[in-house]
Amino acid sequence: MLKDPRMVDNNSASEYLLDKCLKTIQNEVKNLTLNLNEEQTRRIQELEAELQKAKSVIDFFQGKLESVKDSHAKEKEELNEELAREKEQCTKEMQLIQGLDRRVICLIDGDGAIFSLVQVAKGQAGGQTAAAKLTESIRQYLPSDHYQLSVWVFLNKGGLLETLRKCGKEDARRNLEDFIKGFNQAADRFLMVDVGSGKEAVDAKIKDEAKALQTIKVVFGGCHDNGYLTTLRSLITAGYAAKVVLLQGYIEMAAGFRTLELPCLKVPDLFEPEKLCPSANVSPVISAATPAVPPGLNRETVRSNSATFVSIPSSSAPISLRTPLLPIQTTSQGVVWRNVTSPSPPHRSRHIDPNKSLSKQEPPPCNVFYLTGGCKFGASCTFAHDYLLTAEHIETMRDNAKKSPCATLNRGEACVFGDTCCYGHKCQFGSKCHFYKMGMCKFIAVGMHAD
């Protein structure tokens, strides 16, 4: 059976249209796919760019973080170092504060423990050298303790000047004042004090400092004079022996100091090794062991080759003797004195310098000689016996002598001369005495500051 031609044409047209639509759809799908690929590629490129930027930002902040970490580590290290320094400083300050309540006191009798004249002749530089050598020696002797070191040197400057003159030590004599300045300027608590003949200040200072709770050691430089033995023995008896150290001046100490069995500190080349002796044309100094003639005796010197013994009861009033006396024995009835032959009085030809006080004369007039009529040291006395003095001068000397304590009464013993003693039995300032409150007044006996 034959097909209808029109049906064939319709089928062909349908196929054609179907192919055309299919191609159109394929093209559109292809175009859509291409567009999607392009969009995805572009988006991927944008995301990769953003990722790269993010990585750069991350790298930047990581670098910053590492820098901050390094900075913090360095700051931490510096803070630790500063903290260690502050801790060390606090430790030192604590040790210093603790040391404020711990003292080492060095007390020196400058009339017997005489600093090396080689250093004295150098003036201020010598004084600083002597102070440094003394400090170093004490620090080596007491190395482990934290403490304040104070040095007090008591001396009779006028007497030392005269001794240097008689010994021909002119360089030391000229520069002594500068040496003292250099010594005093070497440290805050170094002080060289001119006390004249009032050496009782040393005795009082030893007692006060040894008994003070803050004082761990008292270094005592007065081993030339047995007069200090009583004070030292009393401290030993009271239980303060562990605090006392002897500072040796002369090569040979006075015999009594060896019996104390106290530790001894030696500083090479700090002091003169032997006692200064005047030149051959000067009369020798009478031994320091010779007892002093009691103040207040009115004596007239006469020539005599015989010895007379007189017993003076301790309760008797002062008497006038026609010959100088020296004590030779103490009995229950009193003190036995012996007269000795004295040289003729010196020719009095020296005039007082009106521009200076009596105590500033060079040398000053001898109180004992002018107020009692004689002096046991005679021509060897470091004070002058040949001034032409007026009654006004004598009265001034008498007033000045009253400012120095009676040595007998200051030792706690009874003075046989009572109110007629030429030396003071009471401090003129009484209970208002500034030095007494500081523990430095020369008047140390009981009742000497009663109003």
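Trainee: Why is G182 called buried?

Mentor: In this predicted model, G182 has a relative accessible area of 0%. Buried means under 20%, so G182 counts as buried.

Trainee: Where does G182 lie, and which residues is G182 in contact with, leaving aside neighbours within four places in sequence?

Mentor: G182 lies in helix α5, residues 170–185. Beyond those neighbours, Q124, G127 and Q128 are in contact with G182, which takes heavy atoms within 4.5 Å. K122 is 60 residues away from G182 along the chain, and their C-alpha atoms are separated by 9.9 Å.

Trainee: Staying with helix α5, what makes E177 and K157 a salt bridge?

Mentor: Their closest N and O atoms are 2.7 Å apart. The cut-off is within 4 Å, so the pair qualifies. E177 belongs to helix α5 and K157 to helix α4 (residues 157–166), so the bridge ties together parts that are 20 residues apart in sequence.

Trainee: Is E177 buried, exposed or partly exposed?

Mentor: E177 has a relative accessible area of 37%. Partly exposed lies between 20% and 50%, so E177 is partly exposed.

Trainee: How do you know that E46 and R42 form a salt bridge?

Mentor: The N to O distance is 2.5 Å, and the rule asks for within 4 Å. Both residues sit in helix α1, and because they are four residues apart, about one helical turn separates them. E46, at 31%, is partly exposed, and R42, at 36%, is partly exposed too.

Trainee: Which residues are linked with E46 and R42 in a network of salt bridges?

Mentor: E39 and R43 join E46 and R42 in that network. By this rule the protein's count comes to ten salt bridges.

Trainee: What about R411 and E413: why is one called exposed and the other partly exposed?

Mentor: R411 has 54% relative accessibility, and exposed means over 50%, so R411 counts as exposed. E413 has 42%, between the two cut-offs, so E413 counts as partly exposed. Their side chains meet in a salt bridge at 3.6 Å, N to O, which is within the 4 Å limit.

Trainee: What makes V57 fit for a nonpolar surface patch?

Mentor: V57 has 44% relative accessibility and counts as partly exposed. A patch residue needs over 30%, so V57 passes that cut-off. V57 is in helix α1, residues 5–100, and makes a patch of about 310 Å² with F60 and F61.

Trainee: And how much of the whole protein counts as buried?

Mentor: Of its 451 residues, 34% do.

Methods:
Residues numbered from 1 in each chain as written. Predicted model: local features only at pLDDT ≥ 70, side-chain atom pairs only at ≥ 80, totals over all residues. Heavy atoms only, no water. Buried < 20%, exposed > 50% of the residue type's maximum accessible area, 1.4 Å probe, protein only. Patch = residues over 30% accessible without salt bridge, like charges linked within 9 Å, V, L, I, M, F, W, Y side chains within 5 Å. Areas by Shrake-Rupley, 256 points an atom, 1.4 Å probe, with all protein chains shown as cover. Helix = DSSP H or I, 4+ residues; strand = E, 2+ residues; numbered from the N terminus.
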